[in-house]
Amino acid sequence: AVLLQSLLIAERNADFKCRIIYISTDQVYPGARSVEQGGGNSWSEVPAEQLPPPCNAYGRSKLAFEVLLKESRQYSEVFVFRASNMIGPPVSNTNGKKFLQWLDEALALAEKQGKPVDLFVDEIRSFVYVKDVARAITAACTVDLQQQSSNTFRTYNIGGNKAMSRVDLGICVAKLRGFDREKVIRSVVRETIIMPYLSPLDI
């Protein structure tokens, strides 16, 4: 709410038409539909107002700010991008590693030590190259404002062109590195593991 108020103040003080770009997440969706919910992996045919809530705090917080932006109706332009798992080059100014960098190093170590890496075979995600996300956002920033209607609120999903498990991504990296996938990757089922956080198996 504090951030939203800051944005409203900035827009009121600006002497030009403003556009808000908000990076949200695919975690706002509940994930794969269970048999009781009609089966299948897609909620695309279900109206947005009928979707179950996100299953974790991260998704709920992102969705809450989307709602605040939409309900404020004080912005002339709002573009929301619900991004999936982004992969790309290492980021030098952050602590820790992104999944792709961790995976690359873990597979190299597995090749060296002969001990395979455990990767989830049943956790399905959409992986998208970070520069593709940047290009989409840049396009939204530069589209002609005169062609847009006033008080426009648009939501876009940004993801890869196919669903992949952690094992699938591991196989791609192993192939690029010339590793024997059977020696460096061991498939494990996440559904049988108690996770320290809530996250959909298939989103």
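Are Arg166 and Glu123 buried or exposed? Both Arg166 and Glu123 are buried. Keep that pair in mind. The tour will come back to it after a look at the whole chain.

**The whole chain**

Start with everything in view. This is a predicted model. Show the chain as a cartoon. Six helices and eight strands should appear. Walk from the N terminus, and the elements come in the order α-β-α-β-β-α-β-β-α-β-β-α-α-β.

Now switch to a surface. The chain exposes about 12,700 Å². Carbon and sulfur atoms supply 55% of that area. Of the 203 residues, 37% are buried. Contacts reach far along the sequence: among those with a separation of 6 or more, 81% join residues 24 or more positions apart.

**Stop 1: Glu123 and its partners**

Select Glu123. Look for it in the loop between β4 (117-120) and β5. Glu123 has a relative accessible area of 3%, so it counts as buried.

Add Arg166 to the selection. Its side chain meets that of Glu123 in a salt bridge, 2.6 Å from N to O. Arg166 sits in helix α5, so this pair ties together parts that are 43 residues apart in sequence.

Now add Arg190. Here is another salt bridge to Glu123, at 2.7 Å from N to O. Arg190 lies in the segment after β8 (185-188), so its pairing with Glu123 ties together parts 67 residues apart in sequence. Arg190 counts as buried because its relative accessibility is 8%.

Show the three side chains together. Glu123, Arg166 and Arg190 are linked in a network of salt bridges. Side chains of opposite charge can pair when their charged atoms come close.

**Stop 2: Arg125**

Move on to Arg125, in strand β5. Which side chain of opposite charge is nearest to Arg125? It is Glu123, 4.0 Å away. Yet Arg125, though buried, has no salt bridge.

Look instead for its polar partners. The side chain of Arg125 makes a polar contact with the side chain of Ser199, at 2.8 Å. A polar atom of the Arg125 side chain also lies 2.6 Å from the backbone oxygen of Pro200.

Widen the selection to what touches Arg125. Leaving aside neighbours within four places in sequence, its contacts include Gln27, Asn85, Lys162, Ala163 and Met164. Arg166 and Arg190, both met at the previous stop, are also among them. So are Leu201, Asp202 and Ile203.

**Stop 3: Leu169**

Go to helix α5 and pick Leu169. Leu169 counts as buried because its relative accessibility is 6%. Measure from its C-alpha atom to that of Arg125: the separation is 9.9 Å, for residues 44 apart along the chain.

What does Leu169 touch, not counting residues up to four places away in sequence? Select Phe99, Leu103, Phe127 and Met164. Met164 is also one of the contacts of Arg125.

**Stop 4: Asp104 and Arg177**

The structure holds seven salt bridges. Select Asp104 and Arg177 to see one of them, with the closest N and O atoms 2.6 Å apart. The pair links distant parts of the chain: Asp104 belongs to helix α3 (residues 99-113), and Arg177 to helix α5 (residues 166-177). Along the chain they are 73 residues apart. Asp104 is partly exposed, with a relative accessible area of 22%.

**Stop 5: Lys97**

Find Lys97 in the loop between β3 (85-87) and α3. Is Lys97 buried or exposed? It is exposed, because its relative accessible area is 54% and the cut-off for exposed is over 50%. Select Trp102 and Glu105 as well: Lys97 touches both, not counting residues up to four places away in sequence.

**Stop 6: a patch on the surface**

Finish on the outside. Select Ile23, Met86, Tyr129 and Val130 and show their surface. Together they make a nonpolar surface patch of about 300 Å².

Then pick out Tyr129. It is found in strand β5 (residues 124-129), the strand that also holds Arg125. Tyr129 is partly exposed, with a relative accessible area of 34%, whereas Arg125 is buried.

Definitions and conventions: Residues numbered from 1 in each chain as written. Predicted model: local features only at pLDDT ≥ 70, side-chain atom pairs only at ≥ 80, totals over all residues. Heavy atoms only, no water. Patch = residues over 30% accessible without salt bridge, like charges linked within 9 Å, V, L, I, M, F, W, Y side chains within 5 Å. Areas by Shrake-Rupley, 256 points an atom, 1.4 Å probe, with all protein chains shown as cover. Helix = DSSP H or I, 4+ residues; strand = E, 2+ residues; numbered from the N terminus. Buried < 20%, exposed > 50% of the residue type's maximum accessible area, 1.4 Å probe, protein only. Lys, Arg positive; Asp, Glu negative; His and termini not counted. Polar contact = N/O pair within 3.5 Å; in protein donor to acceptor, adjacent residues only side chain to side chain. Contact = heavy atoms within 4.5 Å.
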